[in-house]
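Subject: Structure handover

Hello,

Here is the structure for you to look over. My notes on it follow below.

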Amino acid sequence: MKLPPPPAVTPNIVVVMEFKKKSVRELKDIAALVNVAQGGTKRALFDRIATLVSGVERVDENTFKYSCPVVEGEMGDVG
């Protein structure tokens, strides 16, 4: 009896966002992608993304992280 192959598992990568390392433009782009308001100061944008987006874990006042699937070709050659 031949067993079916196991289901494909999409690997995830944990992304860490640090307040100091993101520009207002980058935060506005992220806000647009996750459908939250894009107005306000850098701090307001960062806090809005960190508190309103599902799956985002606040690490501290200046850092949050989230997990997302790895898309083939985006990580370069890891082999």
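K22 counts as partly exposed, at 21% relative accessibility. The cut-off for buried is under 20%, so K22 falls outside that class. Its salt-bridge partner is E26, with the closest N and O atoms 4.0 Å apart. E26 is partly exposed too, with a relative accessible area of 33%. Bear in mind that this is a predicted model.

Salt bridges

The count comes to 5 salt bridges. The K22 and E26 pair is one of them. Another joins the side chains of K21 and E18, at 3.8 Å from N to O. These two partners fall into separate exposure classes. K21 is exposed, with a relative accessible area of 61%. E18 is partly exposed, at 33%. Over 50% is what exposed requires, so K21 qualifies and E18 does not.

D47 and R43 also meet in a salt bridge, at 3.3 Å from N to O. How far apart are D47 and R43 in helix α2? They are 4 residues apart, which means a separation of about one helical turn. D47 is partly exposed at 26% relative accessibility. R43 is also partly exposed, at 23%. The pair does not stand alone: salt bridges that share partners join R43, D47 and R58 into one network.

In general, side chains of opposite charge can pair when their charged atoms come close.

Helix α1

Which residues of helix α1 are buried? They are L27, I30 and A31, in a helix that spans residues 24-33. These residues cover an arc of only 100° around the axis, so they sit on the same side of α1. What covers them includes β1 (12-18) and α2 (42-52). The face turned away from the buried side carries the exposed residues R25 and L33. After α1 comes N35, whose phi is positive, near 60°. Check that one if you look at backbone torsions.

Strands

β2 covers residues 57-60 and β3 covers residues 63-69. How do β2 and β3 pair, parallel or antiparallel? They pair in the antiparallel sense, over 3 bridges. One bridge partnership is E57 with K65 in β3. A hairpin of 2 residues joins β2 to β3. As a general point, side chains in a regular strand alternate between the two faces of the sheet.

Whole chain

Now the totals. The chain has 2 helices and 3 strands. Read from the N terminus, the order of elements is β-α-α-β-β. Of the 79 residues in the chain, 19% are buried. Take the contacts with a separation of 6 or more: residues 24 or more positions apart account for 39% of them. The chain exposes about 6100 Å². Carbon and sulfur atoms supply 57% of that area.

To recap the main items: L27, I30 and A31 are the buried residues of α1, R43, D47 and R58 form one salt-bridge network, and β2 pairs with β3 in the antiparallel sense.

Best regards

How values were computed:
Residues are numbered from 1 along each chain as its sequence is written. This is a predicted model: local features need pLDDT of at least 70, side-chain atom pairs count only at pLDDT 80 or more; totals for chains, interfaces and linings use all residues. Side-chain values use heavy atoms; hydrogens and water are left out. Buried means under 20% relative accessible area, exposed over 50%, partly exposed in between (1.4 Å probe, protein chains only). The arc is that of the directions from the helix axis to the C-beta atoms. Contact means heavy atoms within 4.5 Å. Two strands pair if DSSP finds at least two bridges between them. Accessible areas come from the Shrake-Rupley method with a 1.4 Å probe; for residues, only the protein chains shown count as cover.
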